Amino acid sequence: MEPVSLVILISSIARLIPLLVKGILWLRAFKDDLEKLLRTLRIIQDILTNMDEEQLDLDVMQNWIKDLKDAAYDAEDLVDRLATEAYLRQDQVSLPRGMDFRKIRSQFNTKKLNERFDHIRKNAKFIRCVVPTEGGWTSIPVRPDMSTEGGRTSISFPPDMSTIVGREDDKEKIVDMLLDSNYDTEVGIPVIRIVGMTGMGKTTLAQLVYLDARVVKRFKENRIWVCVTVNFDLSRILRDIMMRSNPNINHTNSSLNQLCEDFQKFVRGKCFLLVLDDVWTDHDEEWKRLLDLLREGAKQSRVLATSQKTEVCHVQYMQITHNLNFLSYDDCWSLFQRTAFGQDDCPSQLVESGTRIVRKCQNLALAVKAMGSFLGRNLDPKKWRRISELDIWEAEKGEPKSTSPSIFPALKVSYNHLPSHLKPLFCYCSIFPKGYSFDKKELVQLWIAEDLIQFQGQKRMEEIAGEYFNELLTRSFFQSPDVDRKRYRMHDLFHNLAQSISGPYSCLVKEDNTQYDFSEQTRHVSLMCRNVEKPVLDMIDKSKKVRTLLLPSNYLTDFGQALDKRFGRMKYIRVLDLSSSTILDVPNSIQELKLLRYLNLSKTEIRSLPAFLCKLHNLQTLLLLGCVFLLKLPKNIAKLINLRHLELDEVFWYKTTKLPPNIGSLTSLQNLHAFPVWCGDGYGIKELKGMAKLTGSLRISNLENAVNAGEAKLNEKESLDKLVLEWSSRIASALDEAAEVKVLEDLRPHSDLKELHISNFWGTTFPLWMTDGQLQNLVTVSLKYCERCKALSLGALPHLQKLNIKGMQELEELKQSGEYPSLASLKIKIGGCKLLRALPAPESCQQLQHLLLDECEDGTLVGTIPKTSSLNSLVISNISNAVSFPKWPHLPGLKALHILHCKDLVYFSQEASPFPSLTSLKFLSIRWCSQLVTLPYKGLPKSLECLTLGSCHNLQSLGPDDVLKSLTSLKDLYIKDCPKLPSLPKEGVSISLQHLVIQGCPILVERCTEDDGGGPDWGKIKDITDREIGSTEVSSSLDLSNQIQDHPKASSTRWHHPFVKYWKG
């Protein structure tokens, strides 16, 4: 049965009652009923709090829980409707003319609801549940066989070694950590944690380690195994450890302090291995106290713990986490056969069904072993075939309890031990299909819309929900298959568990569109089919209290006529997903959905948002991603005062030139990616004043229109990561400069800002908050077309990684008033900046990895490249008036060098050997250098692996006769559009060369041809198996503009492909 918690409902009623008293006379009549309901709910919540999960699972409790859940849903609906009416009619002191109070009373029947909850409270007595009495509390009797710990208290030793597969590597890694002296420390005993979801074999692996001969030899009789379970009882753990060593000593009556003293004496100086199996605790203090006591042991001692939780306790001792992976399919099949048939192979007539059953177990050892044990007792091919066509959950349900595989009781233990606030969040996931790729942000928004998140003071609801999600993740209810952890999945067996607990309240309509069972209890619906008209109409008729309608598929969905006026009957709906549907207009029926909090119109062809959308007072999330025909927001969107998320594509924000008026009324909004400043009431920069909850990025444009910019209160927007400040391109006057300096001074952001971008600022100096290092958390700084600035100093910025300067025509100096220890990517793009003569000093760029110099007047800046071993890639492009470059700096770590569009370059350097320090260079690309005559006379770096030459129309020499022969690491050589290149070097090419492409070089192509016995250079290249001579075919491409950001002249051809690995470093 879906979990019941009345905490949020109680909180909602408590917040509603003051609203009813506050000046709305005709709503005050509900006050007494709600106060009575509040008292009753608190009593029932106490009942639930004082019962454990095993008691709630008793058959005698289920009907009572069902009645309570139904009543709670109805109470939430009534409270939300009342709260909405209280807001919408807050200006109506008395009843509107013609409105009958008795009719209103019937619509909000609080009296009847009170009677239902009073009946539920009284029924608790008849099922001997916890009820308050004058004498105290009476508890439901616990079955003699019911565990009060909630977890296992013992395991079998030794394990059945014949049914253990696929864990040898894991065992070796952990044994190595137990025996490795590098983990010995005087600070405390290291803790090695085996982590994974229920049923993966954590305990079995710990047993293998515990019984390993090397471990036995090291720790001898001082190996101790304790089953911890949910209740981390330090007294019991200490007693168990000491009694394992000497069963004759009884510590039962000892106090905790006495136990601690005895334990310190017991463990002092011993080299021990303590295995703590099945640890669930969240409490750092309990762990810390135990580990403090264990410090009395020898430094070679170890603690090995098994746990579902990936989260490491915050104690000062060394903790190493070993994440246990799922078994491979081959290991699963081997385990299945061993469990079912011992040493025999699976009979041939059962193999097909058996392999399907094993795949349905999704690599979970518990499920594979249970199914093998279950099916090994019955070798009827028909039964195997029938079970192979079912889900594991369905197969288990269809068997008697005495013979069923018993997989889900083990998983249910994990669920039972979830905190009460996490249980409904887990169950909510049942409305998504199996294998669904969860987006954390999406799920958080849905949980909030469903009112499943409890308020916690001033914390943002999204922050709280995010923490709840992370807690489910650390408890292995989610797994992250993505390296970047952007998407998450739930194991199919956990998904089955969520569905079984959710019961009749959730309904997922599958693709076949035939098996669905809507009822009055149904609250959450997901549609996986293409044509949803029939199920939606059926839902409207049978499930009038639905709260959720989702479309979690990639189909283009057709609602038919289902969204006409009949859909307006769904007055309790909170979440409505119309994404990827065929709708062209927002249905009129939506204006009747007064409780709607979440509306997804993404990937539809809607062209406008109707005015009535702005009357949905409760709307929190409006998703419009992929609505390519939508060009503007509705005029009165400012009325959506509860709106938290307004999701639109970046291109929409980029093209936005004007927002609707009074956008500042949306004080709960967290994402406003663009704010163009205009003159006039409701359009000024002061609209940003109350929007303190903005997160992510914000671009403020048209700043020449800003007046009293300090009213934007940017320094209070602590959740902003990226800030873009833009003035329009125009001719500035003296008045402009003074005004703009004041505006930028007033726009000081919060110190937590990560990225700062400023464009078209016409002041000659930047404000102090930019120049003296006040923004200590900055990672990226970009300054573009700030044409009057003469000097730039950013102060000490310890986290700065990227600095981009472009179009600062009067910039003379990059002042060094601090260091940039994290600077990884310096990109200077300067158009016509004739005055800048130096880059940051070497001592401030010791972490510099990428450098781009573009559109410089001459080669002076090349000579100031800082000497550093960290520089990985260097791009020099569009350098004019430079016949040759100055002396190259010492860059021993450089791997990739690009020289592009240097139209006046004739020689690399006046030195014969300009690259002596480039000892790590692997990739060299020279392109569009139309005046270049020759490569260096003394040759190229011997470390080169790839050389590309392109569009160098005057290139006549590659260097000395052995220039290519001596490049013993060269694998790739690409020469294109170098028509004056007369031949390959006299001594030929390196024997390491694997790929050769020559195109657009008529003289060279003719010399390298194979025809007529071969040209003069044919013998130099004939042994190269992968060569392309004279062909103009482009077989693959790499867009270099992706690598050189914002480069206007970058092009793509197949012969730049090898560059990728060097650029990425």
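Let's start where two helices touch: Lys440, Leu443, Val444, Trp447 and Ile448 of helix 20 meet Met461, Glu462, Ala465, Gly466, Phe469, Asn470 and Leu472 of helix 21. Sorted by class, that contact comes out as eight nonpolar, two polar and two charged residues. Helix 20 covers residues 440-449 and helix 21 covers residues 461-474, and the two pack at an angle of about 115° with their axes 9 Å apart. If you care about handedness, the crossing of helix 20 and helix 21 is right-handed.

Before going further, keep in mind that this is a predicted model. The average pLDDT for the protein is 83, and 84% of the residues score at least 70. Two stretches call for some caution. Over residues 129-151 the pLDDT stays under 50, and the model gives this stretch 45 contacts beyond four places in sequence. Residues 1032-1065 also have a pLDDT below 50, with 81 contacts in the model beyond near neighbours in sequence.

Now for the overall picture. You're looking at 29 helices and 33 strands. Of the 1065 residues in the protein, 54% are buried. Take the contacts with a separation of 6 or more: 62% of them are between residues 24 or more positions apart.

Let's walk through the sheets. One is an open sheet of five strands in the order 4-5-6-3-7, with parallel pairing. Strand 4 (223-229) and strand 7 (319-323) sit at its edges with a single partner strand each, so one side of each has no neighbour in the sheet. On average, neighbouring strands here are turned by 20° against each other, direction ignored. Inside the sheet, strand 3 (residues 191-195) and strand 6 (residues 302-307) pair in the parallel sense over five bridges. To find your place in that pairing, look for Val195, which stands opposite Ser307 in strand 6.

What lies across this sheet? Helix 8 (residues 202-211) lies across strand 3, strand 4, strand 5 (273-279), strand 6 and strand 7, and runs at about 165° to strand 4.

Strand 4 is also a good place to zoom in on a single residue, since Val228 lies in it. Is Val228 buried or exposed? Its relative accessibility is 0%, so Val228 counts as buried. Leaving aside neighbours within four places in sequence, Val228 is in contact with Arg236, Ile237, Leu276, Asp277, Asp278 and Val279. Val275 is another residue to locate from here: Val228 and Val275 are 47 residues apart in sequence and 9.5 Å apart in space, C-alpha to C-alpha.

Further along the chain there's another open sheet, this one with seven strands in the order 10-11-12-13-14-15-16 and parallel pairing. Here strand 10 (506-509) and strand 16 (645-647) stand at the edges, each with a single partner strand, so one side of each is left open in the sheet. Neighbouring strands in this sheet are turned by 5° against each other on average, direction ignored. For a look at one pair, take strand 13 (residues 575-577) and strand 14 (residues 598-600), which run parallel and are joined by three bridges. Val575 has Tyr598 in strand 14 as its bridge partner.

Next up is strand 26 (residues 850-854), where five of the five residues are buried. In a regular strand, side chains alternate between the two faces of the sheet. So what covers which side in strand 26? His850, Leu852 and Asp854 are on one side, Leu851 and Leu853 are on the other, and all of these are buried, with both faces of strand 26 covered. Strand 26 runs parallel to strand 27 (residues 873-877), and five bridges join them. In that pairing, Leu852 stands opposite Val875 in strand 27.

The last stop is in a loop. Ser951 is found between strand 30 (946-950) and strand 31 (972-976). With a relative accessibility of 15%, under the 20% cut-off, Ser951 counts as buried. Not counting residues up to four places away in sequence, Ser951 touches Trp928, Cys929, Ser930, Lys976, Asp977 and Cys978.

Methods:
Residues are numbered from 1 along each chain as its sequence is written. This is a predicted model: local features need pLDDT of at least 70, side-chain atom pairs count only at pLDDT 80 or more; totals for chains, interfaces and linings use all residues. Side-chain values use heavy atoms; hydrogens and water are left out. Two strands pair if DSSP finds at least two bridges between them. Helices (H or I, at least four residues) and strands (E, at least two) are DSSP runs, numbered from the N terminus. Axes are lines fitted to C-alpha atoms, for helices over the stretch in contact, and angles run from 0 to 180 degrees between N-to-C directions. pLDDT is the predictor's confidence in each residue, from 0 to 100. Contact means heavy atoms within 4.5 Å. A crossing is left-handed if the near helix is turned anticlockwise from the far one by less than a right angle, and right-handed if clockwise. Ala, Val, Leu, Ile, Met, Phe, Trp, Tyr, Cys and Pro count as nonpolar, Asp, Glu, Lys and Arg as charged, and the others, Gly among them, as polar. Buried means under 20% relative accessible area, exposed over 50%, partly exposed in between (1.4 Å probe, protein chains only).
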